[in-house]
Number of protein chains: 2
Amino acid sequence: MTKSKLKIIPLGGLGEIGKNMMVIEFEGDIIIIDAGLMFPEEEMLGIDLVIPDISYLLEHKNKVRGIFITHGHEDHIGALPYLLPQINAPVYATKLTQGLIRVKLKERRALQGVVLNTAVPGEEISAGKFRVEFFSVCHSIPDAAGLIIRTALGTIVHTGDFKLDYTPVNGKPTDLSRLAQLGTQGVMLLFSDSTYAELPGYTPSEKTVGEYLDRIMAEAKGRVIVTTFSSLISRVQQVIDAAAKYGRKVFIAGRSMTDTVRMAVELGYLNAPDSILGQIDEVRGMPPEKIVLVTTGSQGEPTSALVRMANRDHPHVHIQRGDTVVLSATPIPGNEALVNRTVDNLFKQGARVLYYKLANVHVHGHGSQEELKLLINLVKPKYFVPVHGEYRHLNLHAGLAQSLGMPKENVFIMEDGQVLEIGIQGARITGKVGSGNVYVDGLSVGDIDGVVLRNRRMLSKDGIVVVIITVNRQTGKVVGRPDIVTRGFVDTREFNDMIEQSKDQLAQTLDHGGARAAEWSFINTKVKDTLEKFYYQQTKRHPMILPFMVKV
Amino acid sequence: MTKSKLKIIPLGGLGEIGKNMMVIEFEGDIIIIDAGLMFPEEEMLGIDLVIPDISYLLEHKNKVRGIFITHGHEDHIGALPYLLPQINAPVYATKLTQGLIRVKLKERRALQGVVLNTAVPGEEISAGKFRVEFFSVCHSIPDAAGLIIRTALGTIVHTGDFKLDYTPVNGKPTDLSRLAQLGTQGVMLLFSDSTYAELPGYTPSEKTVGEYLDRIMAEAKGRVIVTTFSSLISRVQQVIDAAAKYGRKVFIAGRSMTDTVRMAVELGYLNAPDSILGQIDEVRGMPPEKIVLVTTGSQGEPTSALVRMANRDHPHVHIQRGDTVVLSATPIPGNEALVNRTVDNLFKQGARVLYYKLANVHVHGHGSQEELKLLINLVKPKYFVPVHGEYRHLNLHAGLAQSLGMPKENVFIMEDGQVLEIGIQGARITGKVGSGNVYVDGLSVGDIDGVVLRNRRMLSKDGIVVVIITVNRQTGKVVGRPDIVTRGFVDTREFNDMIEQSKDQLAQTLDHGGARAAEWSFINTKVKDTLEKFYYQQTKRHPMILPFMVKV
């Protein structure tokens with residue numbers, strides 16, 4: 001047996017939800033599992049998206065033998081347009097995932113020179129010292145996969161994102177037989193999805209939502225409008241099936257939903273008879289009880305089709321009395337206020353609205369506690385690393401593994417950047433590499449740092465006060481009164497007197513400065529001190545003070 | 001019977017959660033029910049709190065005969081320090097509510113000259129043409145009440161915030177007998193709490209939480225730390241009871257929790273034997289299995305006792321392995337991220353953490369659908385106005401009333417500022433008065449308007465670019481290069497070249513201006529146009545551009 005050690009380095013997804021990326025290194029070869037993005041948290045002001053810090057990979061770029069993508073969600077593929085131009089390794093993914101990657105790379109003009117390979121579950125792919133096999137898992141997007149990775153040291157199983165739905169709508173159930181087989185042969189290390197490790201019991205089957213949608217289509221006397229994630233193709237399939245059953249025609253609204261449906265039909269992931277899909281501009285003439293609309297907007301996104309319909313701002317469809325609107329999704333944490341506002345507006349327009357608080361309109365795509373236990377039980381790994389989750393999810397998932405009898409010292413609650421080394425002697429955390437959040441804001445990747453964000457935070461709270469001090473170059477004396485302009489600080493009409501007073505006080509203070517008055521450091525400090533104190537006294541606010549000195 | 005009409009004017013709480021305030025006007029007399037505040041939503045940058053617009057009341061201030069407060073939560077009493085200095089009417093509230101109002105007014109130095117009267121359930125208070133009687137309701141704070149308001153036109157019932165808990169911990173259950181009696185005599189108008197109109201079924205009793213806390217105290221081998229809302233005195237009682245049963249001593253941490261517990265003990269709302277409450281600084285010496293801590297921090301507030309314990313920043317208590325931490329509360333919408341971060345940190349410190357996702361650690365204080373239906377069923381009002389909720393809550397509550405047989409035209413989904421007039425002929429919405437959000441930011445009330453908030457929003461996204469252009473007073477020509485300073489826009493080191501280029505481009509553009517160059521409107525427009533375009537091309541960001549012209 002080999003004396004080499006295997007290195008496990010998570011670069012994203014451990015300690016946060018999103019930007020998933022796992023690095024595995026063995027005898028000079030590296031493979032990468034997933035390359036996802038994360039949407040910014042509330043305090044990341046003005047940031048568009050967040051990707052993992054890949055400086056470790058850049059230092060070892062010529063060791064990278066392959067990038068393996070488990071499924072086509074943004075938090076697993078979204079960093080590829082930033083990664084691939086810097087690390088040109090072949091990408092492996094199943095058919096639909098590959099289609100979604102291609103769309104994403106094209107959008108960001110990063111497709112050129114990229115080698116995209118189709119992975120077929122059950123077939124083995126060689127990547128340096130690794131042999132990698134995809135296996136089917138059930139998740140909220142078709143063609144999702146887990147990975148079986150064979151090394152000279154032993155076998156690694158990575159579940160990707162999964163749940164155990166024995167009656168999925170399309171796509172295959174999680175391949176439990178293959179996992180059981182592996183478990184019997186011996187698995188060294190398991191990575192498993194922790195996203196829903198907080199939830200007791202089992203995640204309900206997609207089938208329960210299908211039955212609910214069926215009942216709604218049967219009962220609704222007017223139009224039925226269903227909104228969901230555009231990648232949730234199985235949900236769209238359920239809507240189409242129910243619509244067909246009750247003689248309704250289906251109209252797709254919203255760009256990303258239209259694109260996804262088209263691709264899914266072409267690639268054979270959506271089964272829609274020609275006669276059932278209509279053009280959105282035909283809606284107007286049809287009787288309401290013959291109409292089903294499928295739209296984007298499940299997160300209350302302001303530019304989405306549903307929100308525009310609710311605001312009477314959509315070119316083809318306005319909400320009308322008699323409509324039944326089904327929000328077939330739960331709000332992603334942070335989106336609750338937008339979703340609630342959308343529901344309110346739909347009610348105001350006279351619709352009947354069925355949403356997550358009222359009805360079983362959605363099931364999520366991750367396994368709950370009993371499923372996670374079942375999986376560990378089948379795979380019987382020697383070592384276990386819970387992945388995909390904030391600390392509490394990883395911790396609870398680790399607790400589940402221990403409750404099944406795994407020794408505590410074989411379960412590793414890792415965080416991004418930590419290095420786990422596994423050899424024949426054992427496994428332990430040996431160090432840490434650079435990791436963290438890289439912010440994408442507009443065109444630029446990674447220039448936004450703590451200073452910029454701190455400034456944005458300060459500006460967002462109490463605004464800014466810009467102060468211009470004119471100084472005579474010869475005499476070194478302040479000329480005239482300071483000029484002050486504010487933005488986002490106070491109502492300038494109402495506080496005009498206060499601003500004038502602050503100018504007086506500032507002029508006085510600087511007059512006392514004597515010869516030093518023309519020194520920038522003196523002016524800078526004096527202006528800030530004087531105004532900060534004065535404004536706080538008057539308003540209890542802390543605007544950013546930005547002084548300028550103009551020499552004349 | 002009178003020909004006068006009754007006017008119903010909600011000034012807060014209809015269309016949002018919080019800042020509850022209802023105005024009732026009859027024959028030249030006004031009474032006000034509740035005067036609450038709302039905590040700012042995400043887009044209200046830098047705002048401390050939000051209170052109702054009371055301009056209608058100020059126009060009719062000498063008609064106000066009384067302010068009736070249903071209970072002591074912030075969303076019902078928090079606007080009093082702003083209202084009372086402007087409208088000096090007597091305030092009526094039950095004993096504990098009055099105590100909480102007194103504390104609040106003292107904090108804000110608004111207690112002087114205020115007349116605070118104790119209301120006793122069952123006794124009638126005269127206020128102009130109104131006779132008002134408080135009746136007990138069960139809610140998540142003791143001494144909560146609803147109101148029975150008698151007028152020459154008929155009886156009005158206002159539930160306040162309520163649920164129907166037949167086994168409350170302390171305080172009384174909602175007085176259903178009194179309501180049934182009224183229902184038999186005839187009620188003209190019902191206002192009822194809609195906060196949980198989305199939830200099917202019944203809200204569980206406080207008792208279920210008590211049983212859970214009991215089990216935890218019995219099982220825990222180390223310290224038990226319970227955090228909850230400081231006003232949730234019944235929860236604190238449950239903790240004390242369970243602690244006493246298992247021979248543990250109770251220590252209170254956090255200023256607001258300490259203050260509330262002291263007041264509740266003094267006023268007799270908390271039953272704590274002398275021997276059971278300890279001083280926080282005694283904790284260190286005691287065996288862990290004898291300790292229960294009750295702290296603030298259930299919302300992950302950064303300065304709360306629990307968060308400081310989790311960050312090893314509390315003077316007396318650090319989280320240690322073996323601690324059981326119970327977050328006996330659910331996150332208020334918008335606080336989820338803070339709460340999750342706190343849970344993560346507690347886990348990292350080695351605690352066992354029991355929180356809303358994992359366990360039955362909390363029940364809320366509002367009635368669910370079946371309770372709301374039961375109440376309408378008992379009161380049998382002629383007219384119904386659902387109160388306290390966003391539009392969907394009011395809408396769903398109205399739907400419940402109709403499902404019980406109330407005619408649609410007698411149920412009014414009102415919004416803040418609308419005027420409902422009720423006379424012997426019938427009821428209808430007749431108009432609208434000024435209403436909306438008044439922002440409190442620091443010392444100032446109401447100066448923050450749309451412009452200030454829009455500026456803060458813009459600043460928070462992409463920062464600011466300040467540009468100084470020096471112009472020769474005589475020649476009207478631009479002198480030297482423009483000066484540019486940015487905050488929150490880009491990393492200034494990395495983008496130094498771009499900033500320099502933008503100065504060049506600006507200098508060039510202004511040079512071409514010729515004689516008009518010294519005109520402010522010309523400079524202002526040119527600077528903004530040139531830089532907006534240039535920076536957007538380079539960065540896809542939209543900073544605020546703030547030009548200055550200095551004449552020399």
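## Placing Tyr355(B)

Where is Tyr355(B) found in chain B? In this predicted model, Tyr355(B) sits in the loop that runs between β18 (352-354) and α11 (369-379) of chain B.

Tyr355(B) has a relative accessibility of 0%, so Tyr355(B) counts as buried. The cut-off for buried is under 20%. Beyond its neighbours within four places in sequence, Tyr355(B) contacts residues of chain A: Glu198(A), Arg392(A) and Leu396(A). In chain B, Tyr355(B) contacts Leu327(B), Val343(B), Phe347(B) and Val361(B). The C-alpha atom of Asn340(B), 15 residues away along the chain, is 9.6 Å from that of Tyr355(B).

## Relation of the two chains

A turn of 180° with a shift of 0.0 Å along the axis lays chain B on chain A. The RMSD is 0.1 Å. That is the relation of a two-fold axis. In chain B, the C-alpha of Ser460(B) is the nearest to the axis, at 2.3 Å. Both copies use the same surface: 100% of the contact residues of chain B recur in chain A.

## The α13 pair

Helix α13 (residues 450-462) of chain A meets helix α13 (residues 450-462) of chain B. Their axes come within 8 Å and cross at roughly 175°. Angles over 145 degrees count as roughly antiparallel, so α13(A) is roughly antiparallel to α13(B).

From α13(A), the contact draws on Arg456(A), Leu459(A), Ser460(A), Lys461(A) and Asp462(A). From α13(B), it draws on Arg456(B), Leu459(B), Ser460(B), Lys461(B) and Asp462(B). The residues of this contact comprise six charged, two polar and two nonpolar.

Note on methods: Residues numbered from 1 in each chain as written. Chains lettered and ligands numbered in written order. Predicted model: local features only at pLDDT ≥ 70, side-chain atom pairs only at ≥ 80, totals over all residues. Heavy atoms only, no water. Least-squares fit on C-alpha atoms with pLDDT ≥ 70 in both. Contact = heavy atoms within 4.5 Å. Helix = DSSP H or I, 4+ residues; strand = E, 2+ residues; numbered from the N terminus. Buried < 20%, exposed > 50% of the residue type's maximum accessible area, 1.4 Å probe, protein only. Axes fitted to C-alpha atoms, helices over the stretch in contact; angles between N-to-C directions. Parallel < 35°, antiparallel > 145°, perpendicular 65-115°, else oblique. Nonpolar A, V, L, I, M, F, W, Y, C, P; charged D, E, K, R; others polar.
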